[in-house]
Amino acid sequence: MQSNRSRSLLGLAAAAGCVCLCAGLSAQAADRYDVTVAHAGRSADDVKRDALDHPAEILRLTGVGPGAHVADVLAGDGYYSELLSYLVGPKGRVLLINNAAFDAFSDPDLQKRLDGGRLPNVLHQTVDLNDMHLPPGTLDAVLLIKVYHDLYWVDTDGKFKWPKIDTNAVLSQLAAALKPGGVLLVVDHSAKAGRGAADASALHRIDEAYAVKDFESHGLKLTGKSDLLRRPDDARDQVSYKGPMLGKTDRFILVFRKPAR
């Protein structure tokens, strides 16, 4: 009886130790993302945006850490690229990828962010998205933050002449550029269920289920979701990036992984 009781106590102690260790490791892993967001060099505008985007929580889903090579695709003015710069450190590399139209949208804020070489591990590339020349198997992570729908947007008459994009070619390139086991993170404005990509141009929204099928058709596997940015009060019938819905849209978060060989 005493022997059984002793074994039970030892088992409980071991389990408690394991729980403490796991909690400690989780806290340690979480800290690098919180520290990144708290970086002293960030602008007041970026810090203000944090309340809307929750970047520490978003970046934590990628698992990105020191030394990683990451692509921030259609990065705009580089809000996430700067955070990734701090996160990957001097031995890492961040590709800040825009097309010419997105560069035009983002100036002068993008240039201000990069002026003076303040983010030396960030490489700004202005590319034709249909042919990005990404070396295969070189990226640990790819981020598409509120821009996946833009791969389906067409506007040849607007101020910035948004070009028609071969979405299949873009996703194929991104999947090929990921290392085996690499992560692709998508955050976007939700369209109504069943709408597919039909609202990409008019409302700048896209259907979550359509997104899952789209990325999985390119060999990536959905491994995680988050409800962090959900807004059940969003009727999903208004333009996402301006007017009354600015900052108030329902957004889905999807995490895909390239299968290991």
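**A helix enclosed, and two pockets**

Start with α4. Nine of its 10 residues are buried, so the helix is largely enclosed by the rest of the structure. Buried here means under 20% relative accessible area. The buried residues of α4 begin with a pair of tyrosines, Tyr79 and Tyr80. Ser81, Glu82, Leu83, Leu84 and Ser85 are buried too. Leu87 and Val88 complete the list. Just after α4 comes Gly89. The phi of Gly89 is positive, near 75 degrees.

Now step back to the whole protein. This is a predicted model. It contains eight helices and seven strands. Of its 261 residues, 46% are buried. Contacts often link distant parts of the sequence. Among contacts with a separation of 6 or more, 76% join residues 24 or more positions apart. The accessible surface is about 13000 Å². Carbon and sulfur atoms account for 57% of that surface.

Next, look for empty space. Rolling a probe the size of a water molecule over the atoms shows where such space is left. The largest pocket holds about 800 Å³. It is lined by 28 residues. Which of them are closest to its centre? They are Arg49, Phe102, Lys146, Val147 and Tyr241. Several elements share in this lining. α2 (44-53), β1 (69-73), α4 (79-88) and α5 (100-106) each supply at least two residues. α5 gives the most, with three. By class, the lining of the largest pocket has 13 nonpolar residues, eight polar ones and seven charged ones.

Turn to the second largest pocket. Its volume is about 370 Å³. The lining has 13 residues, and the closest to the centre are Ser43, Asp45, Asp46, Asp77 and Arg113. Three helices each give two or more residues to this lining: α2, α4 and α6 (109-114). What classes of residue make up the lining of the second largest pocket? Charged residues number 10, with two polar and one nonpolar.

Put the two pockets side by side. α2 and α4 each supply at least two residues to the lining of the largest pocket. Both helices also give two or more residues to the lining of the second largest pocket. That leads back to the starting point. α4, with nine of its 10 residues buried, contributes to the lining of the largest pocket and to that of the second largest.

Definitions and conventions:
Residues numbered from 1 in each chain as written. Predicted model: local features only at pLDDT ≥ 70, side-chain atom pairs only at ≥ 80, totals over all residues. Heavy atoms only, no water. 1 Å grid on protein atoms, 1.4 Å probe; cavity = no way out; pocket = protein on both sides within 12 Å on 5 of 7 lines; lining within 4 Å. Points joined across faces, edges and corners; volume = space filled by probe spheres on them. Helix = DSSP H or I, 4+ residues; strand = E, 2+ residues; numbered from the N terminus. Nonpolar A, V, L, I, M, F, W, Y, C, P; charged D, E, K, R; others polar. Buried < 20%, exposed > 50% of the residue type's maximum accessible area, 1.4 Å probe, protein only. Contact = heavy atoms within 4.5 Å. Areas by Shrake-Rupley, 256 points an atom, 1.4 Å probe, with all protein chains shown as cover.
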